[in-house]
2 protein chains.
Amino acid sequence: MAYQAPLNDLRFALHTHGRLPEILALPKSAGLDDETVNAVLEEAAKFAETALADTNRAGDLNGAKLVDGKVVCDPVIANAFNEFRDAGWVGLRAAAEFDGQGLPMTVAAACEEMWCSANLAFSLLPMLTLGAFEALNHHGSDALKHLFMPNMATGVWSGTMNLTEPQAGSDLAQVACKAKPLGDGTYAIDGQKIFITWGDHELVDNIVHMVLARLPDAAPGVKGISLFLVPKYWVEADGSVGAYNNAYAVSLEHKMGIHASPTCVMAFEGARGHLIGEAGKGLNYMFTMMNHARLGVGIEGHAVAERAYQHALAYAHERVQSRSISSGSHEPVSIIHHPDVRRMLLQQKATLEAQRAVYLQAAAALDTAESHPNPDAQKQAQAVLDFLIPIVKGWSTENGTTLTNLAMQVFGGMGFIEETGAAQFVRDVRITAIYEGTNGIQALDFIGRKTASNGGAVAKALIAEGRAVAAKLSNEQGLADKLNRALNLAEESVDYVVAQFAGNTPDFAAAGSLAYLMQFGFTLGGIEMARAHIAAGKALANESEQSLGEDFYRNKQATARAYIDLVLPQVLSYHEQVLGSAATVMDYPLSALSV
Amino acid sequence: MAYQAPLNDLRFALHTHGRLPEILALPKSAGLDDETVNAVLEEAAKFAETALADTNRAGDLNGAKLVDGKVVCDPVIANAFNEFRDAGWVGLRAAAEFDGQGLPMTVAAACEEMWCSANLAFSLLPMLTLGAFEALNHHGSDALKHLFMPNMATGVWSGTMNLTEPQAGSDLAQVACKAKPLGDGTYAIDGQKIFITWGDHELVDNIVHMVLARLPDAAPGVKGISLFLVPKYWVEADGSVGAYNNAYAVSLEHKMGIHASPTCVMAFEGARGHLIGEAGKGLNYMFTMMNHARLGVGIEGHAVAERAYQHALAYAHERVQSRSISSGSHEPVSIIHHPDVRRMLLQQKATLEAQRAVYLQAAAALDTAESHPNPDAQKQAQAVLDFLIPIVKGWSTENGTTLTNLAMQVFGGMGFIEETGAAQFVRDVRITAIYEGTNGIQALDFIGRKTASNGGAVAKALIAEGRAVAAKLSNEQGLADKLNRALNLAEESVDYVVAQFAGNTPDFAAAGSLAYLMQFGFTLGGIEMARAHIAAGKALANESEQSLGEDFYRNKQATARAYIDLVLPQVLSYHEQVLGSAATVMDYPLSALSV
């Protein structure tokens, strides 16, 4: 099943929503120019389309297995990883001083979309490795950094995040895994972790586990949790790899999707580890990396839906069935000519382009927050980033299920047959709404820390920005009016959420929290699609600015309109649910929910 | 995983929405009384809860396989079918004169919900058998009826519907399967059929295939299609079973769900068959049975979501994670205390009760249309039934995916693990939006034959009935106002759809057709939940009418409120999409949807 990287749309979106010129002017982008970015995108696209896309179905059919204590992956997955590593893709956004490529997140995000579209399960291996890499980079000692990070950035070793335990899922305060000082500055780690993505495998020489555990004298709750680095094979101070370290996969989970990715129950049995940073700060350290991780998962949800859309689009062109209801002819036509099929495709396409815009906006905020020379600009970007993260994660992954199901529906009866491939996207994408903080957790973060804690200021600044965009948007077909209405409804919801926290009834905001997150996601998508409409209009007005071809800009305007007419109306329901859910949910008698 | 039949809600819904007293007064219900109905429901519940519910996971894990030309099912499925047949359940709604139980559809529908909740894949076997039984009953000769129907009603033989071919899915006019007269009044059938549910298996002694095929001199298109009865083993005129008849499964499909149900590619190689009714009327005959079949699939979508909801509800009570955000205590609580989890459960419960109300309303219309002594009442009921069918099918099965995904989300990370069971419901229910006419086909039927062809009269009559209900509904919390607003929006959508057909732009209605179907589904659900609120209020006002216990009626009122506050607002988005989709979908440049 072919995958074609949406290179033109990525190029447009990087400039229009990812503010690429500004990102290339940041200190972290030194030496990087538009041409190089373009070359990176093209190479990433080529890799995704050729080496990776074809491994997706094989990886699903022949999922990872635990055989005689070893995790066995389909050979096509192992081969693809070798190629991926040899081409230098693992460390694309890893710090250059530790042998990464040091590209800004904005550019890396575009590449990650392509890899996740090509093979989500595969892409988790480098993604988790970079997560562990970043943890070390932010909080590890120089010695540990130099000992581990170069091999991680180059993909010689991989990394994992060992957080969850059976009783400690959303609530990591319950972590019980134990760490005992060995007297030589290292620690013995004991305990089990569950849901560890790519927890063990044979694709690399060593695996660097980041493990949350408690020291013997640790305080209860959150403040007693520390972060440890536990390698699968011990690494001596001189870099030589030593003995096996009693960190292994007990079993693999049988999952609905992402079969190629081994999801491990991990056992640590006196496994030797290094403390990262200070004792008791483990959870804080996790939080500092959360934005990266959640942005990544949002991109995953989006990327799988993009692939599913392409797959459905191809089928809609190819499959001939039934006459057109309006043409008068009795000849059957390809199903893309049926209005409901076209509506399904358009709903996917418009939502996808809006999601791409918003995740690139977030990525640009991340780069700016990390690297802008002006501290005020950094701070402002950080606030925007923090606000956008639960949206990118929650909104793109809720949509992930909706959109992949629409894609499957285009296939009719064939959609339910696994060989068609549509089902895999529905199955694979489902995890993205769950892991890295369920979307309920995202929504809770969104109403509290991201909205109420700043009195709705960040939300309102984005709404104000949206109004400025709307003011420049054509009002043909009422486009500007429809966007302004959505902005007004968003503002009402912000006020409602802020008022609930102020009035000490956060439960009331929480009851409608997911609706509020979704409402804001669709609204931001509307702002960005309006921005795209305006940018496309400028290009159309000036032949010299049509680097992607005139049609691209015409189509972008049509898609922006489709978004506003077909997708944005969802805010009407969500807005009503935000304001109407609370009492009905909180007053509802618990006895009526007995089993 | 336990299943508890929602007996009290079924009892309430049968009276309130299924108009049971009127149904029991129909000629077809002669000899049936409330007490017997209750006994049937209790026995059906017991069977579903004990014999059937536990087979669901085994049937999923060990799906049907083709081994040496024979379809092999998991033994628990075969055993369950033996019990089911021996208890007389197969022919529950089959005509009594052919050894069925002859129960009205209204009662049978409630039983079918329970069986589909317990094991959807299993329930398809008796459901398809009854489909073939009904085809024969409506259109077969007396000789054929007596030869085949008693063994079908008693489950000694099963039945199938052989319609689809690779090029003939939604468009059955393309059927190419051939029938050649053998000169003795029988025919030789040649061709392949795909997607044949329970097409072959060893659970019964013989299988009665209903096959669409073309006679040598047949007209092209729809009018050349005839219906044939092709038994797996030939049945002699004296009822004795003779030779194997060259009708067999070539292969089984690998599906996303309903693994226990063998979905066959069937080959007919000179298989001998009987013509049913007149030549060239095959498709007409299928249409006469469509309402039954589509009602059944709507119930399927609903029933799987009911089971998923129960499963999630149990987990929400059991799983302890995170403190309450409002209580001030740091003790973790069971997750049902978290507002977003409670919202998810409530959204499921309220939608499910509305769906139950609407399918029972449709079932009552079916019984009335079939059996009311007054022809005008029959005709009126038929119009309502025809209108409700695409809603029950389309709305309940679209919701099926939404609701089972909500149930899975309640499980957090555990939801993605197959052992938990939540994933199976998501996978199983997905077929219901596809087969028996995709929901796109339902939506097309709904705008055209069901709305525009009668100038919106049936839709408006239901809206008027809704207004009468709203007039009796309490306006506490604005309930009546909210329902009236939904009714007004529904009327606008009806007018819009009718106008597009009148204006010769049916494409414009088709572009928003699924939104229109969903809008009407949620609106009808609102009317019925309002009716339930009123009925519950009456019971609460009179202690002697509280046969289900006071709490039941209080909870029903709370659920009706939850429906109106939390679920009904979805009509706002759909309404806007109905009116706004057309131009954006039809104007969209096809070149922007190129691959």
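How many salt bridges are there between chain B and chain A? Taking a salt bridge as a side-chain nitrogen of Lys or Arg within 4 Å of a carboxyl oxygen of Asp or Glu, the count is four. In one of them, the side chains of B:Glu576 and A:Arg485 meet at 2.4 Å, N to O.

Before going on, I should say that this is a predicted model, in which local features need pLDDT of at least 70 and side-chain atom pairs count only at pLDDT 80 or more, while totals for chains, interfaces and linings use all residues. Residues are numbered from 1 along each chain as its sequence is written, chains are lettered from A in the order in which they are written, and side-chain values use heavy atoms, with hydrogens and water left out.

Now to the arrangement of the copies. With least-squares superposition on the C-alpha atoms of residues with pLDDT of at least 70 in both, chain B falls on chain A after a rotation of 180 degrees with 0.0 Å of shift along the axis, at an RMSD of 0.0 Å. The two copies are thus related as by a two-fold rotation axis.

As for the interface, 93 residues of chain B are in contact with 93 residues of chain A, contact meaning heavy atoms within 4.5 Å. Because 100% of the interface residues of chain B are also interface residues in chain A, the copies meet through the same surface. The buried area, that is, the accessible area (1.4 Å probe) that two parts lose on being put together, summed over both, is about 8100 Å², of which carbon and sulfur atoms give 61%.
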